[in-house]
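Visitor: I should like to learn how to read a protein model. Would you guide me through it, one feature at a time?

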Amino acid sequence: RRAMAGEAVTLQLGHYAGCVGAHWWGLQVGPGPLPGAGRWERSALTSFRPSSRSAAPRRTPKGKRPPWFFLLSPDAAPAPGSSTQLWSDYLSVQLHPRSIYVLQQYNHDGDSGRLEAFGQGEKLLQDAGCMEEVEDRLHFYVEECDYLQGFQVLCDLHDGFSGVGAKVTELLHDEYSRKGILTWAILSNQMTLFLLLNTALGIVHLSAHSSLFCPLSLSGSLGIKPQPPITFPYLNYDASLNYHSSAVLAAALDALTVPYRLCSSRGSMMHLAEMLNFSGRKVVAAWAAVPFPAVRGHSLPDALCAHQQDVPWKLLSSCGEQKVSRCFAQSVVLRGICKENPTSCPGQQPPSPLHACETAEQVLQYYLHTVFPGAFSASHILEQPCVTLPPYPHIFSSLLSRQGFLLDDLSTVESIPVLTSLQSSPALRTLLSDLCKDLQKLGTRRCASFFAAGVEEDDFHEAFQELRTLSQCYEMGFEGDNSEDESDSD
């Protein structure tokens, strides 16, 4: 087997996906070890980042260049007098000339010219010229890879880019069926005209053509009645600012993707997908603690013993507040924590079973098996933290130290520990079934303009049934009778 991770081509579809991506690339190309940060494993991570070259490079067998991405975006010029902040305002890396494909006929804001509906996005890529341009750029990047793992797709789900994503993932599935396709469906905290309809169709179509599909959002729910945004105990972010919310999601994404970016890992994107998507469960949920609450100088057993009842992470997939920790399988990453365990004196009883474990990896596995009994849990631990230097926003509590630990010196936070989990979870039944219920309440008669944009009502009703079937894949055994009663009452 290869000793290091292969390349991944990343596609970012939409403005908010560009915001998350801009922070994500900044996290990956950050500086070396910070003063006092301890030993890092920086060489152990492969960064999937854009190239800084200004001309098309040639293939070279040695010294692999960074893999590629390209982004489909609305016109980068906001309307006159607009206060819209663009993803390019905080992009800290240079782009290859073929990285951006601008959709000139659509803009970011204003009363007209917005890519609002799923059907508009689908039509866009049904145009022969547009699809040919996308295919040419895709082949250009794929040919630069020595060993292609697959594709990472960051796609806006709340607007017409859900339709763009449906056609793009269909293209990837048809041409690269043996490669991994991990789709991160990004939802902003701002309500859009056709949010429910775009989200429902996007989930059905994108998950069908992806190896894994994960909604990422700081919104409390996707329903007709909006819920407050997700809060973190040591973050002071403004949920109305894309600059802030996308930074939080990027920090989570940077950890969630570690399993197939580790050079030392034998896993790949496809291995991660196969571990989580069994029994038709292609939709997964993301959880994150940004930052992971830990006291500087304390060991990993000390940190985890403080959270024996509930893991201190928050759900980032708009499934509402979930109080019960259950999952079928999960991939957990903890970064920014020292791996060294405190040595106990001979004959002294360890204060907890976690302190009796010999390695940090054993500590985390024991903890996960205790909190999630019966679930398959794969885990990775990295001492390398998540670097949060500018242009990453300063959104951290004054209770955090420079390295993101609790109760230490008060200074500008430069890095943080992060804990994440990618789960095949019953929580997704809440998301999918609630979405079905809200769609029934909304009805199709009130959405004539949405269907006029290109979606047939029969196709929508078929997608609705597929969404309901998908939600049933996440039932626990004792929930089956209740779900049948709900279906009969619809």
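The dialogue below turns to the overall make-up, the packing of helices, a sheet and some points of the backbone.

Visitor: What should I know before I begin, and how many helices and strands does the protein chain have?

Guide: Please keep in mind that this is a predicted model. The protein chain contains 14 helices and 13 strands. It has 490 residues, of which 58% count as buried. Among contacts in the protein chain with a separation of 6 or more, 81% join residues 24 or more positions apart.

Visitor: How is the packing of two helices described?

Guide: One gives the angle between their axes and the distance between the axes. Take helix α2 (residues 118-126) and helix α4 (residues 161-175): their axes lie 5 Å apart, at an angle of about 40°. That angle makes α2 oblique to α4, and the crossing of the two is right-handed.

Visitor: Which residues make that contact?

Guide: From α2 come F118, G121, E122, L124, L125 and Q126, while α4 supplies S162, G163, V164, A166, K167 and V168. By character, the residues of this contact of α2 with α4 comprise 6 nonpolar, 4 polar and 2 charged.

Visitor: At what angle do the axes of α5 and α11 cross?

Guide: Helix α5 (residues 195-208) and helix α11 (residues 427-442) cross at roughly 135°, and their axes come within 10 Å. Here too the term is oblique, for α5 relative to α11. The crossing of α5 and α11 is left-handed. On the α5 side, L196, L197, T199, A200 and I203 take part, and they meet L432, L435, D438, L439 and L442 of α11. The residues of the contact of α5 with α11 comprise 8 nonpolar, 1 polar and 1 charged.

Visitor: Let us turn to sheets. How do the strands of a sheet pair?

Guide: They pair through backbone hydrogen bonds, either parallel or antiparallel. In this model, an open sheet of 5 strands runs in the order β8-β7-β13-β9-β10, with mixed pairing.

Visitor: Which strands stand at the edges?

Guide: They are β8 (314-315) and β10 (376-382). Each has a single partner strand, so one side of each has no neighbour in the sheet. Helix α10 (residues 360-371) packs on the sheet, where it touches β9 (329-335) and β10, and its direction makes about 145° with that of β10.

Visitor: In what sense do β7 and β13 pair?

Guide: Strand β7 (residues 285-289) pairs with strand β13 (residues 418-424) in the antiparallel sense, over 5 bridges. As one example to locate, A286 has L422 in β13 as its bridge partner.

Visitor: What is usual for phi and for peptide bonds?

Guide: Most residues other than glycine have a negative phi, and most peptide bonds are trans. For S279, however, phi is positive, near 60°, although the residue is not glycine. S279 sits in the loop between α7 (269-276) and β7.

Visitor: Is S279 buried or exposed?

Guide: S279 counts as exposed, because its relative accessibility is 53%, and the cut-off for exposed is over 50%.

Visitor: Where are cis peptide bonds to be seen?

Guide: One is the bond from V290 to P291, with omega near -5°. P291 belongs to the loop between β7 and α8 (300-305). Another is the bond from P390 to P391, which is cis with omega near 15°. P391 is placed in the loop between β11 (386-387) and β12 (415-416).

Note on methods
Residues numbered from 1 in each chain as written. Predicted model: local features only at pLDDT ≥ 70, side-chain atom pairs only at ≥ 80, totals over all residues. Heavy atoms only, no water. Axes fitted to C-alpha atoms, helices over the stretch in contact; angles between N-to-C directions. Helix = DSSP H or I, 4+ residues; strand = E, 2+ residues; numbered from the N terminus. Parallel < 35°, antiparallel > 145°, perpendicular 65-115°, else oblique. Left-handed = near helix turned anticlockwise from the far one by under 90°. Contact = heavy atoms within 4.5 Å. Nonpolar A, V, L, I, M, F, W, Y, C, P; charged D, E, K, R; others polar. Pairing = 2+ DSSP bridges. Buried < 20%, exposed > 50% of the residue type's maximum accessible area, 1.4 Å probe, protein only.
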